[in-house]
Structure formats: structure tokens, C-alpha cells
Amino acid sequence: LTAVLGAVIGLLLSGFIDGIEFFLIPIAAGGFIYIAGSDLIPELHREFNIKKSIWQLIAFIFGILVMVGLLWLEWGFRRDIFNCPWGFGIILDSFGC
């Protein structure tokens, strides 16, 4: 219920304060990192099984690859919008794209 309240407050504030999402997104990301660090990671260390550990590592790497793929997808759309021949959006903005 507090997530809905926070979303409504964030939407209302975004109408009055320009760029507030640059402050709210890191706070939300920090909350997720805190949850992962305090709740999920100790659960992984309860028992040691090499096969289970390898599967957890594979799942972790797959998650990172999904995030990289989403960034590349976003950069591809940005290239199409701004007609940038490089296709790497944020990284190559300094080259004039």
C-alpha cells in the first residue's frame, strides 16, 4: 500500500519539480539493493552445494546479460530517433551523436 502512495506522491511532485526523478530513482534503487543484501544474499549462504552455487552464478550472470541487452535495445531506439550512426547513445554522445 505504501508503494502506491509513494508512486502517487512521486507523480504529483514530478509535475511541480523538474528533474525530481534523478533524485527518486537512486533512492528506489538503494531500497532494492538493501532488500537484496539483507534478505536474499544470506539465504544463499545457508547451505553450500557446488551444483546449486554454479546455478546461482549462472542465473546472476544471465540477469546481468538481460540488463545489458535492455540497455543496448534502448540505445538502438535512441540511435534511430537521433540518426546517430554509432548506435551507442549515451556513451558516444561526446562524438556528436
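**Exercise 1. Class make-up of the largest pocket**

Sort the lining residues of the largest pocket into nonpolar, polar and charged.

*Solution.* In this predicted model, the lining of the largest pocket has four nonpolar residues, one polar residue and no charged residue. The lining residues are Gly-6, Leu-24, Ile-25, Ile-27 and Ala-28. Leu, Ile and Ala count as nonpolar, whereas Gly counts as polar. Gly-6 is therefore the polar member of this lining.

**Exercise 2. Source and volume of the largest pocket**

Find which helix gives the most to the lining of the largest pocket, and state how much space lies in this pocket.

*Solution.* Start with the helix: H2, which covers residues 21-44, gives the most, with four residues. Then take the volume: the largest pocket holds about 190 Å³ of space.

**Exercise 3. The second largest pocket**

Describe the second largest pocket by its lining residues, its contributing elements, its residue classes and its space.

*Solution.* Step one is the list: Ile-41, Leu-44, Ser-53, Gln-56, Leu-57 and Phe-60 line the second largest pocket. Step two assigns elements: H2 and helix H3 (50-82) each give two or more residues to this lining. H3 gives the most, with four residues. Step three sorts by class: four residues are nonpolar, two are polar and none is charged. Ser and Gln fall outside the nonpolar and charged groups, so Ser-53 and Gln-56 are the polar pair. Step four is the volume: about 150 Å³ of space lies in the second largest pocket.

**Exercise 4. The chain as a whole**

Give the secondary structure pattern of the protein chain and the share of its residues that is buried.

*Solution.* The protein chain has three helices and zero strands. Read along the sequence, the pattern is α-α-α. Of the 97 residues in the chain, 8% are buried. The chain exposes about 8,600 Å², and carbon and sulfur atoms supply 76% of that area.

**Exercise 5. Ile-61 and the nonpolar patch**

Is Ile-61 buried, partly exposed or exposed, and which residues make the nonpolar surface patch of about 800 Å²?

*Solution.* Locate the residue first: Ile-61 is found in helix H3. Its relative accessible area is 42%. Buried means under 20% and exposed means over 50%, so Ile-61 is partly exposed. A patch residue needs over 30% relative accessible area, and the 42% of Ile-61 meets that cut-off. The patch is made by Leu-57, Phe-60, Ile-61, Ile-64, Leu-65, Val-68, Leu-71 and Trp-72. Among them, Leu-57 and Phe-60 also line the second largest pocket.

Conventions:
Residues numbered from 1 in each chain as written. Predicted model: local features only at pLDDT ≥ 70, side-chain atom pairs only at ≥ 80, totals over all residues. Heavy atoms only, no water. 1 Å grid on protein atoms, 1.4 Å probe; cavity = no way out; pocket = protein on both sides within 12 Å on 5 of 7 lines; lining within 4 Å. Points joined across faces, edges and corners; volume = space filled by probe spheres on them. Buried < 20%, exposed > 50% of the residue type's maximum accessible area, 1.4 Å probe, protein only. Areas by Shrake-Rupley, 256 points an atom, 1.4 Å probe, with all protein chains shown as cover. Patch = residues over 30% accessible without salt bridge, like charges linked within 9 Å, V, L, I, M, F, W, Y side chains within 5 Å. Salt bridge = Lys/Arg side-chain N within 4 Å of Asp/Glu carboxyl O.
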